[in-house]
Amino acid sequence: MLRVLAFSLIGGYLFSLLHIPIPWMLGPIVVVILTQFIYKEPLKWSGKMRDLGVVMVGTVIGIQFNISLFGMMKSILFYMITLNVILIDGSIGIAFLAGKWSKIPLKAAVLAAMPGGLGQIIVFAEEEKLKKSASFLIFKSFGSCWSLGSYHLSLQVRS
C-alpha cells in the first residue's frame, strides 16, 4: 500500500505541476495504471481505502450542487436528458461494435466507451475483475488529460 501511496502522490504532484485539471484525481490514476505495466509485482490497495477515496471524490463533487444550481438547470433539463440518452445509447452501440470486432467482453467495451467518471469506472472494473479493460482505461485517462489540458491551455492563451 505504501508503494501505491507513493506513486499516487507523485502522480498528483506531477499533474498539478503540469496544471492539468483535477490533478489529484487523474494524476494518481494514470501513474498507478502505467506503473502496473512496468512494475512486475502486483500493486495492492485495500478495499476500504478505495471506498474512502470514492466517498471523498463524491463529496467534493457533491458540495458544488445547491438549490440555485437546480433552479438554473430547469430551463435546459429537457436538453440535458435528451443528450444523455443519446450519449449513453451511442456509447453502448460503439461498445457493442468494438466488442464484436476486438473480441473483448461487453463489460470491458462499455467501460472503455462510456465518457466521464474515470474513478468510478476503475472501481467498477476492479470489482468486476475486468483485466482487459485496463488498457482502455489508460487511453481514456490520456484522452481526458489531453482534452482537459488542451482546453485549459486554450483558456490561458486567450487571457
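**Exercise 1. The start of helix 1**

Decide whether L2 is buried or exposed, and name the helix that holds L2.

Solution. L2 has a relative accessible area of 71%. Buried means under 20% relative accessible area, exposed over 50%, and partly exposed in between, with a 1.4 Å probe and protein chains only. L2 is therefore exposed. The model is a predicted one, in which local features need pLDDT of at least 70 and side-chain atom pairs count only at pLDDT 80 or more, while totals for chains, interfaces and linings use all residues. Residues are numbered from 1 along each chain as its sequence is written, and side-chain values use heavy atoms, with hydrogens and water left out. The place of L2 is in helix 1. Helices (H or I, at least four residues) and strands (E, at least two) are DSSP runs, numbered from the N terminus. Along the chain, L2 and K44 are 42 residues apart, yet their C-alpha atoms are 9.2 Å apart in space.

**Exercise 2. The chain as a whole**

State how many helices and strands the chain has, and what share of its residues counts as buried.

Solution. The chain has eight helices and zero strands. Read along the sequence, this gives the pattern α-α-α-α-α-α-α-α. Of the 159 residues, 25% count as buried. Contact means heavy atoms within 4.5 Å. Among contacts between residues at least 6 apart in sequence, 54% join residues at least 24 apart.

**Exercise 3. How helix 1 meets helix 2**

Find the angle at which helix 1 and helix 2 cross, the handedness of the crossing, and the residues that meet there.

Solution. First, the geometry. Axes are lines fitted to C-alpha atoms, for helices over the stretch in contact, and angles run from 0 to 180 degrees between N-to-C directions. The axes of helix 1 (residues 2-17) and helix 2 come within 7 Å and cross at roughly 125°. Helix 1 is therefore oblique to helix 2; angles under 35 degrees count as roughly parallel, over 145 as roughly antiparallel, 65 to 115 as roughly perpendicular and the rest as oblique. The crossing is right-handed. A crossing has that hand if the near helix is turned clockwise from the far one by less than a right angle, and is left-handed if anticlockwise.

Second, the residues. From helix 1 the contact takes V4, F7, S8, L9, G11, G12, Y13, F15 and S16; from helix 2 it takes P23, W24, L26, G27, P28, V30, V31, V32 and T35. By class, these are twelve nonpolar, six polar and no charged residues. Ala, Val, Leu, Ile, Met, Phe, Trp, Tyr, Cys and Pro count as nonpolar, Asp, Glu, Lys and Arg as charged, and the others, Gly among them, as polar.

**Exercise 4. Three residues of that contact**

For G12, V32 and T35, list the contacts beyond four places in sequence.

Solution. Take G12 in helix 1. G12 is buried, with a relative accessible area of 0%. Its partners are P23, W24, G27 and P28. The C-alpha atoms of G12 and W24 are separated by 4.4 Å, at twelve residues apart along the chain.

V32 lies in helix 2 and counts as buried at 17% relative accessibility. V32 is in contact with V4, F7, S8 and L43. Its C-alpha atom is separated by 9.2 Å from that of L5, 27 residues apart along the chain.

T35 is placed in helix 2 (residues 23-38) and is buried, at 10%. Its contacts are F7 and L43.

**Exercise 5. The loop residue H19**

What is the phi of H19, and where is H19 found?

Solution. H19 is found in the loop between helix 1 and helix 2. Its phi is near 60°, a positive value in a residue other than glycine. Most residues other than glycine have a negative phi. H19 counts as exposed, at 51% relative accessibility.

**Exercise 6. Helix 5 and helix 6**

Describe the crossing of helix 5 and helix 6, and name the buried residues of helix 6.

Solution. The axes of helix 5 (residues 77-102) and helix 6 come within 8 Å and cross at roughly 130°. The two helices are therefore oblique to each other, and their crossing is right-handed. S91, A95, F96 and G99 of helix 5 make the contact with L106, A109, V110 and A113 of helix 6. These residues divide into six nonpolar, two polar and no charged.

In helix 6 (residues 106-113), A108, A109 and L111 are buried. Seen down the axis of helix 6, its buried residues fall within an arc of 160°, so they line one face of the helix. The arc is that of the directions from the helix axis to the C-beta atoms.
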